Amino acid sequence: MKIIIVGCGKVGVTLAEKLNRENHDIILVDRNSDILRTVTDSIDVMSVTGNGAIFQTQIEAGIQEADLLIATTNSDELNMLCCLIAKKAGNCHTIARIRNPEYSSEIHYFREELNLSLAINPELAAAHEISKLLRFPSAIKIDTFAKGRLELLKFIIPKNSPLNHMQIMEVGQKLKCNVLICIVERGKDVVIPDGSFVLQEGDKISFIASQKDSMEFFRKVGIENNSAKSIMIVGGGRLTYYLAKLLKDTKIKIKIIEQNLDRCTELSELLPSAMIIHGDGSDQQLLLEEGISQTEAFASLTGFDEENIMLSLYAASKSHAKLITKVNRIAFEDVIESLNLGSIIYPKLITADSILQYVRAMQNSLGSNVETLYKIADDRAEALEFRVGKDASSITGIPLEKLQLKSNLLVAGISRNRRIITPRGKDTLEVGDTVIIVTTNRGLKDLKDILK
């Protein structure tokens, strides 16, 4: 597909890299020719220098032949205008990044009136991810499928766990748990394990289960998993605001430390149920006085990656809190992943993955759309949810054990009429099902792609 990306910031560049990897024709539009030159030197994409909200610039970028325009500049208003002009000039699909909390309640109106295909809010999406993690503090990452009825959870096998030295095939038999282990990360290796694979302490494992079954599984492997009752947040930006709004109806006590006095006053009015502290979040004495040693969750959500990393490392040294660390730059993933930072939240990646999911669905040919897409295991594997369409006769009604599935691919879950099925060899896929696929193969666009 021909895709125009307006805005050459972190989200725009991340998207260009991911979509280029999937063999789309990418045209980047930005006012800054130096930034464009730097990007085009490292990625095989085209570029146009100019204002993406100008009709002539879009014509120069080829809007009349484009399939999709994605506006990811720092201005919500500019993004919406870009999409409006693209609709008139090229009648293509349009996606806008809209971040301002004032617009969040009107997002459906904007989508309808501007005929947007998708409106993305990185901070709100990240806030949803953090709120899920506070419910399951033992998990490093939680992704949801089948309208929340199935979850893919990642955690590290602790010392002295019954899972240590256990074969995958023994997990269900010995623990009497209805879970399916999909991915094992050991050092730099990412494995979709077979039944004979032996687990070890320190492995990062991702398993899929219903909420009820996942809680039972954590209990049986000796991991306490009570929801966090208190959280200390450093940084009072948009992400913190969205998170506090999501948590306001829970029993979680929220304490926010923010350095800017005017922002503290604003947050006090917007979030009456939260405790707002005016102070420097990097002041160790202040953190101790405000109870970092007792808090059950600690989130470092400032605008500076280095500060967030140092704050989480300090919190780890002073407490047993669930750690959540926001990171914007994606350059040193290997180093960051090796540190004790708890759950690492990348708002830019969350945004890019949502858009990638939409692009995959646009390409669909079988009627088995990509409904959900998550990049997992540091972008080395994917978990996808497909709806089985009427035209998928080559894969429906046939036992899974008889399907010629690609290697490094697992049918991880089936949702049928609100009933969750943990797939075994005799199970079949039927029209109307949603099916979860976990694979290290890249670029699955529809359900037929699971076959060799």
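## A walk through the chain

Lys147 is exposed, with a relative accessible area of 71%. (Buried means under 20% relative accessible area, exposed over 50%, and partly exposed in between, with a 1.4 Å probe and protein chains only.) The place of Lys147 is the loop between β7 and β8, and its phi is positive, about 55°, although Lys147 is not a glycine.

A word on the ground rules: this is a predicted model, where local features need pLDDT of at least 70, side-chain atom pairs count only at pLDDT 80 or more, and totals for chains, interfaces and linings use all residues. Residues are numbered from 1 along each chain as its sequence is written, and side-chain values use heavy atoms, with hydrogens and water left out.

Asn91 makes a good companion to Lys147. Asn91 has a phi near 55°, again a positive value in a residue other than glycine. It sits in the loop between α4 (76-90) and β5 (93-97) and is exposed, at a relative accessible area of 61%.

### The chain as a whole

The chain has 15 helices and 22 strands; helices (H or I, at least four residues) and strands (E, at least two) are DSSP runs, numbered from the N terminus. Why does a radius of gyration of 23 Å agree with a compact globule? Because a compact globule of 452 residues would have a value near 22 Å. That radius is taken over C-alpha atoms, and the globule rule is 2.2 Å times the number of residues to the power 0.38. Along the principal axes, the C-alpha atoms fill a box of roughly 65 × 65 × 40 Å.

Of the 452 residues, 56% count as buried. The accessible surface comes to about 20,500 Å², and 48% of that belongs to carbon and sulfur atoms. (Accessible areas come from the Shrake-Rupley method with a 1.4 Å probe; for residues, only the protein chains shown count as cover.) As for contacts, meaning heavy atoms within 4.5 Å, take those between residues at least 6 apart in sequence: 61% of them join residues at least 24 apart.

### Three residues to look at

Here are three residues side by side.

| Residue | Place | Relative accessible area | C-alpha separation |
|---|---|---|---|
| Leu68 | strand β4 (residues 68-71) | 0%, buried | 5.6 Å from Thr94 |
| Ile35 | helix α2 (residues 33-42) | 35%, partly exposed | 7.2 Å from Cys8 |
| Asp433 | loop between β21 and β22 (434-439) | 2%, buried | 33 Å from Val11 |

Leu68 and Thr94 are 26 residues apart along the chain, and Ile35 and Cys8 are 27 apart. Asp433 and Val11 are 422 residues apart along the chain.

Which residues does Leu68 contact, leaving aside its neighbours within four places in sequence? They are Lys2, Ile3, Ile4, Cys92, His93, Thr94, Ile95, Val359 and Met362. Asp433, not counting residues up to four places away in sequence, touches Phe386, Arg387, Val388, Ile414, Ser415, Arg416 and Thr428.

### Cavities

On a 1 Å grid over the protein atoms alone, a cavity is a set of points where a 1.4 Å probe fits but cannot get out, and lining residues have an atom within 4 Å of a point. Grid points are joined across faces, edges and corners, and a volume is the space filled by probe spheres set on the points.

How many cavities of 30 Å³ or more does the structure hold? There are 3. The largest has a volume of about 50 Å³. Of the 13 residues that line it, Leu150, Ile208, Ala209, Ile420 and Thr422 are the closest to its centre. Strands β11 (204-209), β20 (409-416) and β21 (419-421) each supply at least two residues of that lining. By class, the lining of the largest cavity has 8 nonpolar, 4 polar and 1 charged residues. (Ala, Val, Leu, Ile, Met, Phe, Trp, Tyr, Cys and Pro count as nonpolar, Asp, Glu, Lys and Arg as charged, and the others, Gly among them, as polar.)

The second largest cavity holds about 40 Å³ of space. Its lining is made up of Lys141, Ile142, Asp143, Leu152, Leu153, Lys154, Ser206 and Ile376. Two or more of these residues come from each of β7 (141-145) and β8 (150-156), the strands that flank the loop of Lys147. Sorted by class, the lining of the second largest cavity has 4 nonpolar, 1 polar and 3 charged residues.

Key
1 Å grid on protein atoms, 1.4 Å probe; cavity = no way out; pocket = protein on both sides within 12 Å on 5 of 7 lines; lining within 4 Å.
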